[in-house]
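Subject: Structure for you to look at

Hello,

Here is the structure I said I would pass on. Please open it alongside this email, and my notes follow below.

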Amino acid sequence: MRASLSRPPPNKPLLTGWGGTRGAGGGGPGLALGAAVRWLTERAPHRESAPERRGKAPLTANATAAAAGQGAGHDRPAGHLISSGFICSRRCFAPSQVPMEEMEEELKCPVCGSFYREPIILPCSHNICQACARNILVQTPESESPQSRRASGSGVSDYDYLDLDKMSLYSEADSGYGSYGGFASAPTTPCQKSPNGVRVFPPAMPPPATHLSPALAPVPRNSCITCPQCHRSLILDDRGLRGFPKNRVLEGVIDRYQQSKAAALKCQLCEKAPKEATVMCEQCDVFYCDPCRLRCHPPRGPLAKHRLVPPAQGRVSRRLSPRKVSTCTDHELENHSMYCVQCKMPVCYQCLEEGKHSSHEVKALGAMWKLHKNQLSQALNGLSDRAKEAKEFLVQLRNMVQQIQENSVEFEACLVAQCDALIDALNRRKAQLLARVNKEHEHKLKVVRDQISHCTVKLRQTTGLMEYCLEVIKENDPSGFLQISDALIRRVHLTEDQWGKGTLTPRMTTDFDLSLDNSPLLQSIHQLDFVQMKIPATPILQLEECCTHNNSATLSWKQPPLSTVPAEGYILELDDGNGGQFREVYVGKETMCTVDGLHFNSTYNARIKAFNKTGVSQYSKTLVLQTSEVAWFAFDPGSAHSDIIFSNDNLTVTCSSYDDRVVLGKTGFSKGVHYWELTVDRYDNHPDPAFGVARANVMKDVMLGKDDKAWAMYVDNNRSWFMHNNSHTNRTEGGITKGATIGVLLDLNRKNLTFFINDDQQGPIAFENVEGLFFPAVSLNRNVQVTLHTGLPVPDCYSSRASIA
């Protein structure tokens with residue numbers, strides 16, 4: 001084994017990875033939803049009081065599914081969270097087991113700041129209350145279109161709008177909505193701000209008096225609405241706000257959220273102060289307290305057949321009641337029956353027959369419902385992992401705060417002890433040094449606390465989005481779900497990406513890299529300062545730059561990003577490939593090293609540590625390296641006789657002399673089973689080429705096998721002999737001609753050498769008890785040319801004979 005400094009080879013075989021770490025597991029929608037459920041339920045107990053937690057069993061995905069399968073009308077076995085490839089949306093989560101508080105921001109209108117009321121879905125996939133949508137409508141003059149205004153370069157409104165091409169969500173031919181980059185004239189009345197900070201533009205003229213409700217009142221022509229979240233604008237068509245689909249899924253989630261916030265269900269028939277309800281009649285759909293039930297719902301007559309259930313079960317039954325069937329916005333009498341793939345929206349039969357979707361690709365509504373639920377569940381899997389990492393990261397940061405406090409106290413005590421040992425002249429300097437320590441202390445605490453605050457806000461937003469998505473998945477309205485699923489999937493992926501940009505890396509270390517040098521005398525007090533006298537940080541192995549090639553391994557490492565203590569050098573250690581003790585293979589200042597001469601088909605463990613004058617760091621994580629199963633090599637021009645001629649990328653050799661000359665392979669073997677073949681490309685005048693193995697210091701100007709450094713078979717056109725140390729044995733009939741193939745099998749497990757001609761074993765086992773490091777070898781003259789073939793499996797005849805033995 002030897003270590004050298006080099007860049008990694010171009011081809012990088014796969015590394016096994018970190019020792020002791022688990023592999024990545026695959027998973028479908030069930031795994032994604034299960035991970036989200038596990039993460040949420042881990043957090044749920046922290047919101048319960050001690051009496052509420054007492055007697056509760058831990059929630060698991062199977063337990064949740066089993067609860068959903070009992071009493072909820074499921075037609076699948078209890079315990080099956082996923083069925084037919086999609087998420088069960090009726091009651092897979094018990095309301096009390098999934099925390100919903102943190103998704104409140106997802107349920108509030110960006111204009112009014114309150115819970116959505118009759119929300120509609122804008123073409124940009126954002127939601128807005130129907131009443132708020134009317135408040136932010138702006139009327140544009142009929143004489144000037146947005147395009148002409150933009151061409152003339154007239155002023156824009158108070159909004160800073162995006163470019164027209166960037167804002168277009170749908171083409172005018174496909175959707176009926178035209179994108180609008182600005183307004184022809186700004187409103188004459190100043191804009192107002194909603195409670196949530198969004199600017200609201202009053203209409204240019206008051207709407208005419210009408211007997212219709214505000215939601216159904218006609219909208220003035222050329223009305224324009226701008227999304228308060230993404231600021232994309234569009235001009236309404238003749239249908240006005242009725243052209244936007246209603247978000248029934250969001251309404252259902254808000255209803256469940258508001259019901260979950262209620263402390264107790266009240267009786268609906270108490271005249272004054274409503275009492276807490278004790279039962280609910282499923283047929284009457286009314287909650288009763290005990291006095292009202294006896295008075296208004298006696299258990300006799302026709303009422304005796306009514307079913308009374310506990311209030312909590314009655315609330316769940318209300319949630320699970322079927323919703324109104326979704327109807328098409330273009331054809332109000334038609335129900336959604338298909339899904340347009342091009343427009344990404346549910347459509348009805350008339351849209352396909354005579355509408356703008358007639359030439360578009362459509363798919364079954366139910367199939368797309370299942371597909372999008374799968375996609376959202378899979379996206380939640382990654383996001384739940386990020387949220388779990390963020391939770392653990394917050395714990396780490398809080399521990400860092402405590403550790404910084406402890407390190408600060410310890411360092412101050414040490415500093416005070418050193419300063420008190422000096423004369424009075426040192427006290428003035430001591431105060432200055434303490435001030436520096438306290439400043440460093442405050443700086444570290446500020447950085448970590450700021451990071452905690454920032455990460456907490458992001459985690460709350462992520463958790464709210466997760467809880468909202470989980471509630472959306474429960475919906476049993478396919479068309480309503482598909483109206484918002486694409487936007488939710490994009491948001492989940494975007495939120496997951498935001499967690500992966502170094503957010504979960506501490507910005508500050510807990511160590512105080514300060515050490516007081518108290519050796520100077522009184523005359524050096526004014527020059528007294530902190531010096532760095534600590535051991536270096538543990539190096540980090542860079543897995544993406546580490547690789548193996550044949551029986552060589554290239555490793556790369558670096559210092560941690562936040563390390564401030566320099567390292568003077570590094571020590572690289574490898575084991576013996578059999579799980580034995582580690583040994584040093586490199587000591588130096590470089591951060592990359594290639595180790596040659598490893599065993600083939602072996603697993604090595606590698607680790608690195610740093611050192612300086614103060615001491616040695618801890619070992620890095622152990623990296624597991626797997627060498628190649630078979631050898632790929634060529635002839636070695638550096639060790640060959642000068643008369644050898646190479647070609648074909650050093651795989652083909654011949655000789656310029658009539659005397660025999662030796663050439664070796666580039667790779668040596670000391671362990672395992674290895675087989676290679678040589679094809680005879682030219683064979684003139686019946687020479688005697690020799691094939692076998694040799695030591696690195698074999699004689700190169702005589703036939704292979706003439707000295708004690710080579711083990712060979714030499715052969716002519718009729719017979720062959722085995723030769724070692726100039727001793728000829730085992731004459732065997734059968735020679736070679738042009739086109740013949742000679743195989744060499746070196747079995748270092750059994751310590752023997754065997755030869756083959758044209759796939760048949762030539763004679764008995766040629767040599768036994770061979771040990772050490774061997775290189776493939778050939779001797780030939782100008783009448784012979786051979787080509788090397790490597791990476792071959794062991795011949796079947798040898799494998800069968802070895803198995804019988």
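In the hairpin of β35 and β36, which residue takes a positive phi? It is Asn725, with a phi near 55 degrees, and the hairpin has two residues between the strands. Please keep in mind that this is a predicted model.

The two strands of that hairpin are β35, residues 719-724, and β36, residues 727-733. They pair in the antiparallel sense over five bridges. Two of the residue pairs can be looked up by name: Arg719 stands opposite Glu733 in β36, and Met723 has His728 of β36 as its bridge partner. When you look at strands like these, remember that side chains in a regular strand alternate between the two faces of the sheet.

The hairpin belongs to an open sheet of six strands, in the order β31-β41-β33-β34-β35-β36, with antiparallel pairing. Its edge strands are β31 (661-664) and β36, each of which pairs on one side only. From one strand to the next, the twist averages 20 degrees.

Now the protein as a whole. It has 805 residues, and 46% of them count as buried. There are 15 helices and 42 strands. Taking contacts between residues at least 6 apart in sequence, 66% join residues at least 24 apart. The accessible surface comes to about 40100 Å², and carbon and sulfur atoms account for 50% of that.

Next, the interior. The largest nonpolar core has 74 residues, and those with the most contacts inside it are Ile128, Ile225 and Tyr468. Several elements each supply at least two residues of this core, including the strands β5 (119-121) and β6 (127-129) and the helices α8 (248-261) and α13 (425-473). The largest share of the core comes from α12, with 18 residues.

What is Tyr468 in contact with, leaving aside its neighbours within four places in sequence? The list is Met103, Glu106, Leu107, Leu250, Val253, Ile484 and Leu488. Apart from this core lies another, of 38 residues, among them Phe635, Ile644, Leu746 and Val778.

If you want a place to begin, find Asn725 in the hairpin of β35 and β36, then go along the sheet to its other edge strand, β31. After that, turn to Tyr468 in the largest nonpolar core.

Regards

Definitions and conventions. Residues numbered from 1 in each chain as written. Predicted model: local features only at pLDDT ≥ 70, side-chain atom pairs only at ≥ 80, totals over all residues. Heavy atoms only, no water. Helix = DSSP H or I, 4+ residues; strand = E, 2+ residues; numbered from the N terminus. Buried < 20%, exposed > 50% of the residue type's maximum accessible area, 1.4 Å probe, protein only. Contact = heavy atoms within 4.5 Å. Areas by Shrake-Rupley, 256 points an atom, 1.4 Å probe, with all protein chains shown as cover. Core = buried A, V, L, I, M, F, W, Y, C linked by side-chain atoms within 4.5 Å. Pairing = 2+ DSSP bridges. Axes fitted to C-alpha atoms, helices over the stretch in contact; angles between N-to-C directions.
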